[in-house]
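Please follow this chain from its central sheet outwards, keeping the sequence and the coordinates side by side as you read.

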Amino acid sequence: MSTKTVLLYSDDPQVRDRMRLAIGEHPAPDLEVEFVEASTYGECVKLVDDYEIDLLVLDGEATPGGGLGVARQLKDEIDECPPCCVVIARSADRWLAAYARVDATLMHPLDPIETAKVIAPLLNDDYVVAA
């Protein structure tokens with residue numbers, strides 16, 4: 001079984017809790033997840049710099065730094081940025097997600113089955129990060 005580290009970013013601790021519950025500790029039978037959390041952009045960058053993060057799950061509704069902006073900045077600044085999944089509230093924001101070069105989007109409120117279908121492939125060792 002492979003253990004992967006997922007960074008959850010939101011200014012709202014309840015949103016981070018919902019993300020953690022939707023992803024679960026085993027989003028796939030052969031996959032175990034451990035979580036680290038950030039409530040600010042600065043914390044997010046520090047965790048990406050200090051730890052081996054396998055996936056970023058970012059809240060698109062976070063303030064003052066929304067997940068789409070955080071994703072875009074990390075993709076621009078980090079040579080080997082981990083895959084990014086942004087949780088958005090409006091499907092119309094998918095075009096912004098494409099501009100931010102995120103690897104996947106999920107919709108608030110999170111559905112655990114859909115979340116696992118999106119998250120598990122992003123944690124696969126063979127996944128190629130969007131350029």
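In this predicted model, T5 is a convenient place to begin, because its relative accessibility of 10% counts as buried, the cut-off being under 20%. T5 belongs to strand β1, which spans residues 2-9, and, with residues up to four places away in sequence left out, T5 touches E34, V36, E52, I53, D54 and L55.

The strand that holds T5 is part of an open sheet of five strands, whose order is β2-β1-β3-β4-β5 and whose pairing is parallel. The edges are occupied by β2 and β5, each of which has a single partner strand, so one side of each is left without a neighbour in the sheet. On average, and with direction ignored, neighbouring strands are turned by 25° against each other. Strands of a sheet pair through backbone hydrogen bonds, and they do so in either a parallel or an antiparallel way. Between β1 and β2 there are eight bridges in the parallel sense, and here L8 stands opposite E37 of β2.

On the other part of the sheet, β3 and β4 are paired in the parallel sense over four bridges, with C85 of β4 as the bridge partner of V57. To pass from β3 to β4 the chain goes through α3, and this β-α-β crossover is right-handed. Four bridges also join β4 to β5, a strand of residues 104-107, and these two run parallel; the bridge partner of C85 in β5 is A104. The chain reaches β5 from β4 through helix α4, residues 94-99, in a β-α-β crossover that is again right-handed.

How is strand β4 covered on its faces? In a regular strand the side chains alternate between the two faces of the sheet. In β4, C84, V86 and I88 lie on one side and C85 and V87 on the other, and all of them are buried, with the result that both faces are covered. Put as a count, five of the five residues of β4, which spans residues 84-88, are buried.

Several helices can now be placed against these strands. Helix α1, residues 13-23, lies across β1, β2, β3 and β4 and runs at about 155° to β1, whereas helix α5, residues 112-122, lies across β2, β3, β4 and β5 and runs at about 160° to β5.

Helix α2 deserves a separate look. Within its residues 41-50, C44, V45, L47 and V48 are buried, and they are on the same side of α2 because they cover an arc of only 160° around the axis. An α-helix has 3.6 residues a turn, so residues three or four places apart point the same way. The exposed residues K46 and D49 are carried on the face of α2 that is turned away from its buried side. The buried residues of α2 pack against three strands and a helix, namely β1, β2 (31-38), β3 (55-59) and α3 (67-77). With α3, α2 packs at an angle of about 35°, the two axes being 11 Å apart, and α2 passes α3 in a right-handed crossing. To this contact α2 contributes Y41, C44 and V45, while α3 contributes V70, Q73, L74 and E77.

The loops hold some further details of interest. In the loop between β3 and α3 lies G66, which counts as buried because its relative accessibility is 19%, under the 20% limit. Apart from neighbours within four places in sequence, G66 is in contact with Y9, D59 and G60, and its C-alpha atom is separated by 9.6 Å from that of T40, 26 residues apart along the chain.

Most residues other than glycine have a negative phi, and most peptide bonds are trans. Against that background, P64, also found in the loop between β3 and α3, is joined to T63 by a cis peptide bond with omega of about 0°. P109, in the loop between β5 and α5, is likewise joined to H108 by a cis peptide bond, here with omega of about -10°. R101, a residue other than glycine, has a positive phi near 65°; R101 sits in the loop between α4 and β5 and counts as partly exposed because its relative accessibility is 24%.

Key: Residues numbered from 1 in each chain as written. Predicted model: local features only at pLDDT ≥ 70, side-chain atom pairs only at ≥ 80, totals over all residues. Heavy atoms only, no water. Buried < 20%, exposed > 50% of the residue type's maximum accessible area, 1.4 Å probe, protein only. Contact = heavy atoms within 4.5 Å. Arc of directions from axis to C-beta. Pairing = 2+ DSSP bridges. Right-handed = clockwise from strand over helix to strand, strands pointing away. Axes fitted to C-alpha atoms, helices over the stretch in contact; angles between N-to-C directions. Left-handed = near helix turned anticlockwise from the far one by under 90°.
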